[in-house]
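Work through the exercises below with the sequence and the model open. Try each task before reading its solution.

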Amino acid sequence: MSVLNIHRSILGQPWRWRGLAADGRDPNFAPDDLVTQLLLARGCPRDALEAHKAPSIRAFMPDPSIFRDMDKAADRLADAVQAGERVAIFGDYDVDGATSAAVMILLLRDLGLEARPYIPDRLMEGYGPSGEALVRLKQEGASLIVTVDCGAQAFEALAMARDAGADVIVCDHHKCAAELPVAVAVVNPNRLDEGEGAAHGHLAAVGMAFLLGAALIRTLRARGYFAARSEPKLLELLDLVALGTVADVAQLKGLNRAFVAQGLKVMAQRRNIGINALIEASRLTRSPTCTDLGFALGPRINAGGRVGRSDLGVRLLTTRDPDEARRIAAELDLLNEERRAIETEVQQAAESLCFARSNRSLTIVAARGWHAGVIGIVAGRLKEKLNRPAIVIALDDHGVGKGSGRSIPGVDLGAAVLAAKDAGLLFAGGGHAMACGVTIAEDQLDAFAQFLEDRLSERITQAIGERALLLDAVLAPGGVCPDLVTAMEAGGPYGMGWPAPRVAAGPLSVIKADVVGNGHVRAIVAGDDGRSIKAVAFRQAETELGAALLSAPRHRKLWLAGRAKIDDWGARPAAELHVEDAAWAD
């Protein structure tokens, strides 16, 4: 059933109730129990309501042994701890990779073993383990190498490591092929032969690293390792798990909700010196929220791998020195500003190519001169703007392209890329449902684009056709207030797979509207109840939504739909509406 009888909004989509019966009401809802409504609308079973209202690790944590190879990995790591072996942690250069590596390094440090981090350079080495790097680590003394957030597709590299005499444990979450690389253990919930553990395929790599850490502690406990020393407090690493989970846009359901909810509590205690410095560099004056992890802290760590030195994130998150932490955090803050400038330049160029090639159901653009460190962000922007999967590829002078893609709900881009790799169209490729990475020869671009078009076009068309704006509540303007925002936050943490509440407010008249910042539309709107609120439509100045807000006559009223947020810049906190769509009220 449509909300407010809106079948086609200004952005061309119907408005519908989220997760409710066809008549828009669930007869079992208690009218005054907003949190229960929010949880049920997001798929929470009735018998799990209490666990989801206060998600705890105890309620959601599985036995780590349900994952294939987990016990093998824990045994080999326990051997290394007890023998004092030299261990290297090989991570990816994004936030998930940095936090995964930091979890392993800090845990092993507490167990008496100082592991060496290794993060490949994005531009010089590319994604994932290279054989040369693994062999070099072995030659420099590492008898055990643990890859985190990478390795599931590193067949050649891991074979070279084996031949060099190094043991390798893979702790990853990316999609696997039917064949697995040679390793002591491959711990990955997305193995095709995974059993009970497949239910946790939505975990980020940092979540899998945490589970590996739990298995390691249990193994050492059984061996009597803690008879003369205290056990590490694994839960104190949940701030890292929360940061990596949110920044990797993992679905916030099940265990991930507990990771983030409890991790934010740990983060508020400022235990990690590096995270504390990053919070200060981000100019946050309160305890971080889930949104801050994705939009303030995460991008700064990412900036090191994108446009700076790839190991800055791990160094920040594992340092013992507050002065070093402040220096690295300040450097990452500057790199993030540089990243934004580069991103804007590449995005403008990519958009120009998109509009010249708009006849496909998914967008693939490639060019020389683009910085490979920002192509993932630009792909995400294109996906949002065009409402279709997008892959952005940076070509080097030798005609080899490194690409990054982002998908829309219902379209598994990672699986399609793996199929293209199996078809011989890519040098390398992988990912998960919502994101992918590729390495491709320039002369294969057209064939790759056609392959994805043939494989995905029908599903993309279906997914776009099913698009609707899902709402949780309809309010008078006066209902958009701080108390409402606080009440709705109790249903969080919100993120991918557990969307933040969306409300419609109106009917509203636009009193004033202008363009601010980088194409944002800011408006003051007022309702028949005499209340006015601030509304902001981010990056919408050149869209139909932005045009409607900027040109709406005073006498013609609108319904606005979006997220109610707290604006705490003034003397007193106020609520504002972050607008995602609008519809004329008459």
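The model is predicted.

**Exercise 1. Locate Ser 457 and list what its side chain and its other atoms reach.**

Solution.
- Step 1. Start with the secondary structure: Ser 457 belongs to helix α17, which spans residues 445-465.
- Step 2. Look for a polar partner. The backbone oxygen of Glu 453 is 2.8 Å from the side chain of Ser 457.
- Step 3. Set aside residues up to four places away in sequence; Ser 457 then touches Ser 361 and Leu 452.
- Step 4. For a long-range distance, take Ser 287, which is 170 residues from Ser 457 along the chain. The C-alpha atoms of these two serines are 44 Å apart.

**Exercise 2. Decide whether Thr 319 is buried or exposed, and find its contacts.**

Solution.
- Step 1. Place the residue: Thr 319 sits in the loop that links α13 (312-318) to α14 (322-356).
- Step 2. Apply the cut-off, by which buried means under 20% relative accessible area. Thr 319 has a relative accessible area of 12%, so it is buried.
- Step 3. Check the polar atoms of the side chain. One of them lies 3.1 Å from the backbone nitrogen of Asp 321. The side chain of Thr 319 also makes a polar contact, at 2.5 Å, with the side chain of Glu 324.
- Step 4. List the contacts beyond four places in sequence: Ile 273, Glu 324 and Ala 325.

**Exercise 3. Trace the sheet that contains β5 and describe how β5 is paired.**

Solution.
- Step 1. Write down the strand order. Five strands make an open sheet, β3-β2-β4-β5-β6, with parallel pairing.
- Step 2. Find the edges: β3 (116-118) and β6 (185-187) each pair on one side only. From one strand to the next the twist averages 20 degrees.
- Step 3. Take one side of β5. Strand β4 (residues 144-148) pairs with strand β5 (residues 167-171) in the parallel sense, over five bridges. In this pairing Leu 144 is opposite Asp 167, and Ile 145 is opposite Val 168.
- Step 4. Follow the chain from β4 to β5: the connection passes through helix α7 (residues 155-163), and the β-α-β crossover is right-handed.
- Step 5. Take the pairing with β6, which is parallel and has three bridges. Val 170 has Val 186 of β6 as its bridge partner.
- Step 6. Judge the burial. Four of the five residues of β5 are buried, so the strand is largely enclosed by the rest of the structure.
- Step 7. Add a helix: α5 (residues 95-110) lies across β2 (87-91), β3 and β4, and runs at about 165 degrees to β2.

**Exercise 4. Describe the sheet that contains β7 and the helix packed on it.**

Solution.
- Step 1. The order is β7-β8-β9-β11-β10, in an open sheet of five strands with mixed pairing.
- Step 2. The edge strands are β7 (363-368) and β10 (428-432). The twist averages 15 degrees from one strand to the next.
- Step 3. β7 pairs with strand β8 (residues 390-395) in the parallel sense over six bridges. Within that pairing, Ile 391 in β8 is the bridge partner of Ile 364.
- Step 4. Helix α15 (residues 375-386) packs on this sheet and touches β7, β8 and β9 (400-406). The directions of α15 and β9 make an angle of about 45 degrees.

**Exercise 5. Explain why helix α1 counts as largely enclosed.**

Solution.
- Step 1. Helix α1 covers residues 34-41, and seven of its eight residues are buried, so the rest of the structure largely encloses it.
- Step 2. Name the buried residues: Val 35, Thr 36, Gln 37, Leu 38, Leu 39, Leu 40 and Ala 41.
- Step 3. Identify the cover over them, which includes α2 (49-53), α10 (255-268) and α18 (482-489).
- Step 4. Check what follows the helix: Gly 43 comes after α1 and has a positive phi, near 90 degrees.

**Exercise 6. Which residues of the largest nonpolar core touch the most other members?**

Solution.
- Step 1. Recall the general tendency: in soluble globular proteins, nonpolar side chains tend to be buried together.
- Step 2. The largest nonpolar core has 142 residues, and Leu 77, Val 87, Ile 89, Leu 108, Leu 111 and Leu 560 touch the most other members.
- Step 3. Helix α8 (residues 205-222) gives the most to this core, contributing eleven residues.
- Step 4. Another core lies apart from it, with 24 residues, including Val 417, Leu 426, Phe 448 and Leu 456.

Notes: Residues are numbered from 1 along each chain as its sequence is written. This is a predicted model: local features need pLDDT of at least 70, side-chain atom pairs count only at pLDDT 80 or more; totals for chains, interfaces and linings use all residues. Side-chain values use heavy atoms; hydrogens and water are left out. Helices (H or I, at least four residues) and strands (E, at least two) are DSSP runs, numbered from the N terminus. Buried means under 20% relative accessible area, exposed over 50%, partly exposed in between (1.4 Å probe, protein chains only). A polar contact is a pair of N or O atoms within 3.5 Å; within protein, one must be able to donate a hydrogen and the other to accept it, and residues adjacent in sequence count only if both atoms are side-chain atoms. Contact means heavy atoms within 4.5 Å. A nonpolar core is a set of buried Ala, Val, Leu, Ile, Met, Phe, Trp, Tyr and Cys residues joined through side-chain atoms within 4.5 Å. Two strands pair if DSSP finds at least two bridges between them. Axes are lines fitted to C-alpha atoms, for helices over the stretch in contact, and angles run from 0 to 180 degrees between N-to-C directions. A crossover is right-handed if, with the strands pointing away from the viewer, the path from the first strand over the helix to the second runs clockwise.
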